[in-house]
Amino acid sequence: MLGWRVAYGLPSHTFFSSQSVDKSSMGGRCSAFQSNCRKGVDRKTSHDHGGNLKLDIVILGGGFAGVYCAKTLHRALSRESSSKIGLISEENYMVFQPMLPEVTGASISPRHVVNPLRLLCQGIPVFKGQIVRINWPDRKLILNAGAFSGNVEMQYRHLVLAMGAIVDLSRIPGMPEHAYLMRNVGDAMLLRTTIIGRIEEANLESRVEVKRRLLSFVVVGGGYSGVETAGQILDLLRSIRGYYPTVSEQDLQVHLVHSQDHLLPTLSRRLGEYSARKLRERGLNLILNQRVKAVTAHRVYLENGSVIETNTVVSTVGNAPHPLVASLCEENKLPTEKGRILTEPSCQVKGEPQLWAAGDCAAVPHLKGGFCPSTAQFAQRQGILLGNNLARSLHKKPLQPFIFKGLGELASIGHRTAVADVFGMNFSGFFAWWLWRTVYLLKLPRLDRKIRVVLDWTLDLFFPRDINLLSPRFSTLLKEIHLEKGDVLVQRNEPAFSFYIVKSGSIEIFDDQGTIKTVTAGEYFGERALLADGIWPFDACAAESSSLVSIPANIFHQMVRGCGSLGRLFQKSAGKYESREMVEALTRKISSFTGTKTAAELMQRNLRTFNPGMTVRDAVAITKSHPHSSYPCVDSARRVLGVVNREDFYEFLKKPETVADTKLREMAFATLPTVHENVSVNGMMELLIRSGSNKLLVVNSEDRLVGIITVIDLFASETS
């Protein structure tokens with residue numbers, strides 16, 4: 001459990017009161033804790049703690065579709081106390097996404113565009129968690145409640161999919177690493193902070209090319225989100241430029257890249273061209289009929305070969321099907337339309353009377369043909385219809401079709417200007433902007449949020465925009481942990497959230513059969529769990545006062561994916577933590593041929609050794625006449641000082657200060673595990689596995705080097 005506190009930056013000392021063992025009785029080992037673990041081998045684990053919630057209806061998603069479905073269901077079934085409804089969302093609030101660009105432009109407080117789900121859906125239980133898996137045939141799902149609770153199993157009769165879509169930028173190289181998004185309130189806050197941070201940095205920059213790059217902002221996508229975001233960035237920059245004396249109007253550049261020949265393609269061409277003209281008049285560099293080819297930390301590359309120097313890229317494109325919906329459809333052969341689950345006009349999934357879908361993850365037939373667009377007004381009304389139809393289904397009544405055609409569309413392009421298509425009538429300019437604000441204010445849930453937004457808008461008319469650089473100082477990704485002797489780090493069957501490096505001290509790793517390995521300073525562990533199923537296969541506690549470095553699992557996986565050799569290294573080192581059963585099975589296999597032979601009977605005695613007083617010239621002669629991967633280095637009494645690996649020796653030779661007469665004592669020696677000559681095959685095999693080595697040095701009772709034994713020697717003895 002401490003591993004979770006470490007991974008999330010929680011204070012570890014507050015946890016030890018309930019999990020630490022009696023240090024006075026440790027005797028250098030975690031014996032008391034091991035004993036407790038052996039007694040509790042069959043206990044329920046926190047990874048899957050046995051929680052089992054049973055509901056009649058489960059709604060997945062806290063957006064427009066999910067919230068309005070829940071509200072409608074609650075009203076329709078309010079008199080039926082036997083019907084249990086639950087709403088599951090990864091956040092405990094609903095985001096009013098149409099107003100996110102204004103959060104970026106600092107004209108609305110971020111707190112005013114979110115609504116707590118428990119206040120919106122009063123009377124409906126809300127469960128905040130992340131869906132791990134949906135088991136449709138068994139009517140079950142696995143919900144991860146959090147780092148300390150683990151997974152909860154939830155059973156249901158009816159399932160509503162309202163999870164929306166996700167953003168997938170992987171098709172454009174560099175876009176996932178460098179682009180800012182506009183999907184959630186956190187994205188808008190981060191972008192606002194970044195823009196103000198860029199202008200603060202540029203205010204101190206004297207190099208023209210660097211300043212221009214800092215103050216160049218690229219928005220990708222000419223739909224509603226892209227146009228509104230670009231307009232708000234323009235407004236923000238123009239309104240605050242006067243506070244930065246070294247920043248000129250010419251330094252500020254906002255680029256909008258769009259793949260089509262006019263903006264806002266779902267509106268009329270005339271409104272799209274009007275938007276383009278107004279944005280250009282305010283200084284926007286509009287690039288039409290172009291796609292982004294690649295993105296780096298300093299540049300945006302377009303398909304026509306042109307390059308935009310910038311440090312800030314905003315992506316409003318890349319919508320993709322939700323992976324949970326995609327996997328559900330694939331596993332259960334459910335019909336889809338461009339990644340969205342296909343439904344009847346009633347929002348019931350085709351062929352599945354207990355499965356429903358609405359919003360961006362659903363392909364709901366449109367009255368005019370085709371499928372409904374992924375907009376808030378359609379998601380909201382689909383949620384309402386779905387809630388009513390689900391209630392009608394429970395009452396054995398006929399279902400109603402979705403007949404909403406759409407009221408129109410509006411887009412704010414900044415500077416108190418907008419475009420609108422309402423009931424077939426087109427508006428532009430100030431009136432359209434007033435209409436945009438009026439419509440969205442009316443649609444904003446809850447009265448208190450409406451009042452707060454009106455106040456924000458009113459204050460924005462009379463006072464300058466807020467230019468506070470609110471940049472939260474998060475803890476570093478690499479966290480250091482201090483453990484006292486006997487403090488518990490992780491327990492078996494808990495989720496693994498971290499990879500650990502031991503700086504000092506030692507950590508004992510064990511299972512119910514005994515110690516697997518003692519990890520000492522300079523060594524690491526956790527890779528086996530992270531590379532496998534993400535569950536700790538062992539227990540770990542401090543064998544002495546120790547310090548560790550914790551690397552979060554997501555950073556570990558990025559390292560492994562980004563560097564193939566690093567991934568192979570961790571795959572190999574993961575073998576050090578094989579269970580005792582696996583080790584014993586392998587040693588039994590070899591022992592069936594070797595019998596009770598010891599290291600002295602199986603080792604190679606003819607060794608080529610180095611000594612620290614040997615010159616580089618002499619060592620080179622030995623490596624040439626007797627090529628091996630490593631050479632033990634011993635003193636005059638043949639006591640092992642270390643090992644000279646061939647690769648390390650080559651690196652030592654390349655150093656400018658290394659000459660022919662340089663002594664080997666000037667280089668750092670590697671280490672190999674050692675065993676006494678009377679050690680059995682079982683002991684040798686376990687040491688080879690736990691050390692991650694393929695060879696052992698053999699010493700006698702006086703610790704003098706007498707031989708070397710490799711894995712090949714053990715296996716070769718099978719056929720000898």
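In the predicted model, Gly692 adopts a positive phi of about 70° at the position just after helix H23. The helix that precedes this glycine spans residues 681-691, and within H23 the residues Val681, Met684, Met685, Leu688, Ile689 and Arg690 are buried. In an α-helix there are 3.6 residues a turn, so residues three or four places apart point the same way.

An open sheet of 3 strands was identified with the order E25-E26-E27 and antiparallel pairing. Strand E25 (408-414) and strand E27 (425-429) form the edges of this sheet, each pairing on one side only, and the twist averages 5° from one strand to the next. Strand E26, which comprises residues 417-422, is joined to E27 by 5 bridges, the two strands running antiparallel; within this pairing, Val419 of the sheet stands opposite Ser428 in E27. Helix H11 (residues 269-281) lies across E25, E26 and E27, and its direction is at about 175° to that of E26.

A further antiparallel pairing involves strand E16 (residues 292-295) and strand E17 (residues 299-302), between which 3 bridges are found. The connection from E16 to E17 is a hairpin through 3 residues, and Val295 has Val300 in E17 as its bridge partner. In a regular strand, side chains alternate between the two faces of the sheet.

Thr343 is located in the loop between strand E22 (340-342) and strand E23 (355-357). Despite this loop position, Thr343 is buried, with a relative accessible area of 0%. When its neighbours within four places in sequence are left aside, the residues in contact with Thr343 are Gln348, Val349, Lys350, Ala357, Ala362, Ala363, Val364 and Pro365.

With regard to the cysteines, a search of the whole structure returned 0 disulfides. For Cys329, the closest cysteine sulfur is that of Cys361, and because the two sulfurs are 8.7 Å apart, the separation is too far for a bond; the cut-off for a disulfide is a pair of cysteine sulfur atoms within 2.5 Å. Cys329 nevertheless counts as buried, at 4% relative accessibility, and Cys633 is likewise buried, with a relative accessible area of 0%.

Terms used. Residues numbered from 1 in each chain as written. Predicted model: local features only at pLDDT ≥ 70, side-chain atom pairs only at ≥ 80, totals over all residues. Heavy atoms only, no water. Pairing = 2+ DSSP bridges. Helix = DSSP H or I, 4+ residues; strand = E, 2+ residues; numbered from the N terminus. Buried < 20%, exposed > 50% of the residue type's maximum accessible area, 1.4 Å probe, protein only. Contact = heavy atoms within 4.5 Å. Axes fitted to C-alpha atoms, helices over the stretch in contact; angles between N-to-C directions.
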